[in-house]
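Trainee: Could you take me through one part of this model closely, namely the place where the two chains meet? I would also like to hear about the ligand and about each chain on its own.

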Amino acid sequence: MSSELPAGVERRVVDGRERLATRGEPVYGEPTDGEWRAWNPARSKLGAMLELGMETAFEGGERVLYLGAASGTTVSHVADFAGPTYAVEFAPRPARDLLSVAASRPRLFPLLKDARRPETYAHVVEAGVDAIVQDVATRGQARVALENRRFLADDGRLLLAVKARSEDVAREPAAVFEEITDELAAEYALLERRRLEPYHADHLAVVAEPR
Amino acid sequence: MTDETDPAGEGWFAGLAPDEPGAEAIAEGGTETPRPWPRLAVEAGFATDEGAYYDRLHEATTRATRRAVREREAADDQQVKHAVRAMDDCRRTANELAERLAEWAGTVDGGGSGIEYARELAADADGEPFAGLARRVADLAAEADRLESFVETRTPEVAPNLSALAGPVLAARLLSLAGGLETLAKKPSGTIQVLGAEDALFAHLRGHAPSPKHGVIFTHEAVRGTRAEDRGSAARALAGKLAIAARIDHYSGDRRPELEGELADRLATIRARADDSSAAGDTDDGPATGSTDDGPAAGSTDDGPAAGDTDDGPATGGPNADGGIGDVE
Ligand SMILES: C[S@@+](CC[C@H](N)C(=O)[O-])C[C@H]1O[C@@H](n2cnc3c(N)ncnc32)[C@H](O)[C@@H]1O
């Protein structure tokens, strides 16, 4: 059932065991083998989605809008196998680390912007990106996906990680996930959803395409 | 959704001169609706092809983000500065009022002292004339605690290395005494060593007193936990590492966990001297203040940590400067 990995992502033996890996400058102390650097699914929701065989539709070389880039752990791997990659993060501290990740990746574009306000970066991020990867772990995760729909190509994919506790610490994660997927349905058709255990507790991953 | 507003908005590159990086346009511009910018930029002659466009975009986004990160972090250090000052004010005021309260309540009640006593009175002195005062003392103390937890979470984001070495609260006090991260990063370690001991330093400079060996960093275990004869050396070693930490935090922001180990090694060496009998040793452990333009020079030292010259004399801290510990053994 496992879907194919995008070009530029391989399963390789790194540091004694088979792992997902991409080629690029190391970023977070991950083990390496030559130019290959291990991609740890426990530290990356997109890594977990690939590890779990979800249909991300990534083939390699895509144009990507990444929302919630933080210090660049995951987006560094994305920039390794994808094409032009726009990385939006609104906290200055991690954005500083993101800058060093971008320094060795000429097609990674760091943006210190609020993903809830796409009008502040729509003059920079191009229309028709092939994928939006979203991992903002903040309240209003569905709204962020809806607001950023404007950047996505009609045949593009939304790859969304939803953290239940960010919406509401007190509520049952399953209930939070229902509400969020309902809200998404206004503009997206859901293709696949699953929880990211054992890599990430109480996280739901969603693959969707624009309606 | 909002497609009716400026359907033909302009990209960040519109109107940029060929040699202009465009960081401002990235940071400040905006439009409702994205368009295929790479193609439009090539059509407009901004770039010869999409590859060249992306190269310029990389340059512009990197610059804009670096600048914005600096500005936002600078604003954050001011938050920490005000928070730690407010925390000290709340705590000092709470303690003063708690004393007054204890004096008063002691005439009626069994007696007690301090904030704890004020909390007890706040809880069960209803109807007494000092009940309102007791509640306010308890509230002030609670506000001080709340501000302290703010300082504890925010300072490590503003100055991660400094916070790791000094602890967040002392790191915030140093930021506050210096006026901000940038000014702290520009101070020689000899100045950092005596930040918060300005009164003692000026007395020394007027010739009335020995040079202070440490200011607010006295509260650090490295100094306090070292026997009195070696405290000057410990303070100087600590100040040296703190100066480096502040510079890394300001200029690069990298984490350098090895600083902690280096400090521990220096301290171990200093403290070991206590065991090989106490003869000789450096007698002047005053701050290594480089000569300054408008600030009087303090005592020279043999091996003070490299102190870049500054043209600002000893920092005159904010409202808390007087709260510092000017220990002048
Ligand atoms: C779970 S972390 C992302 C980790 C990252 N995706 C990775 O795997 O390397 C969530 C990030 O989203 C950022 N974030 C939260 N709300 C945001 C918003 N409205 N706009 C942009 N970034 C946001 C947070 O600052 C945080 O860095």
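Mentor: Happy to! Let me start with a term we need for the ligand: a polar contact is a pair of N or O atoms within 3.5 Å. Please keep in mind that this is a predicted model.

With that cut-off in hand, look at A:T74, where a polar side-chain atom sits 2.5 Å from an oxygen atom of the ligand. The side chain of A:D135 also takes part, with an N or O atom 2.8 Å from a nitrogen atom of the ligand. At A:F90 the backbone does the work instead of the side chain: one of its polar atoms is 3.4 Å from a ligand nitrogen atom. In total, 19 residues surround the ligand, and those that come nearest are A:Y66, A:T74, A:E89, A:D114 and A:A115.

Now to the place where the chains meet. On the side of chain A, 33 residues are in contact with 40 residues of chain B. The two chains bury about 2,800 Å² between them, and 57% of that area is on carbon and sulfur atoms. Within chain A, the residues that lose the most area to chain B are A:R93, A:R96 and A:H123, which together account for 26% of what that side buries.

What about charge pairs? Two salt bridges are counted between chain A and chain B. One of them joins A:R150 to B:E32, with the closest N and O atoms 3.4 Å apart. The count of residue pairs in polar contact between the two chains is 19, taking both residues at pLDDT 80 or more.

Which elements of chain A supply this side? At least two residues each come from α3 (92-103), β7 (108-112) and α4 (141-147). Of the elements, α3(A) gives the most, with six residues. Sorted by class, the side of chain A that touches chain B holds 20 nonpolar, two polar and eleven charged residues.

Stepping back to the chains themselves, chain A has six helices and eleven strands. Buried residues make up 56% of its 211 residues. Among contacts in chain A with a separation of 6 or more, 56% are between residues 24 or more positions apart. For a single spot to find on screen, try A:A201, in the loop between β10 (188-195) and β11 (203-210). A:A201 is exposed, because its relative accessible area is 56%, and the cut-off for exposed is over 50%. The C-alpha atoms of A:A201 and A:A164 are 9.3 Å apart, although the two residues are separated by 37 residues along the chain.

Chain B is built from 13 helices and zero strands. Of its 329 residues, 45% count as buried, and residues 24 or more positions apart make up 62% of its contacts with a separation of 6 or more. Take helix α10 (residues 198-205) of chain B as an example: its buried residues are B:E198, B:A200, B:L201 and B:A203. The cover over the buried residues of α10(B) includes α9 (189-194) of chain B. After α10(B) comes B:G207, with a positive phi near 90°.

Note on methods:
Residues numbered from 1 in each chain as written. Chains lettered and ligands numbered in written order. Predicted model: local features only at pLDDT ≥ 70, side-chain atom pairs only at ≥ 80, totals over all residues. Heavy atoms only, no water. Helix = DSSP H or I, 4+ residues; strand = E, 2+ residues; numbered from the N terminus. Buried < 20%, exposed > 50% of the residue type's maximum accessible area, 1.4 Å probe, protein only. Contact = heavy atoms within 4.5 Å. Buried area = accessible area lost by both parts, 1.4 Å probe. Salt bridge = Lys/Arg side-chain N within 4 Å of Asp/Glu carboxyl O. Polar contact = N/O pair within 3.5 Å; in protein donor to acceptor, adjacent residues only side chain to side chain. Nonpolar A, V, L, I, M, F, W, Y, C, P; charged D, E, K, R; others polar. Near = heavy atom within 4 Å.
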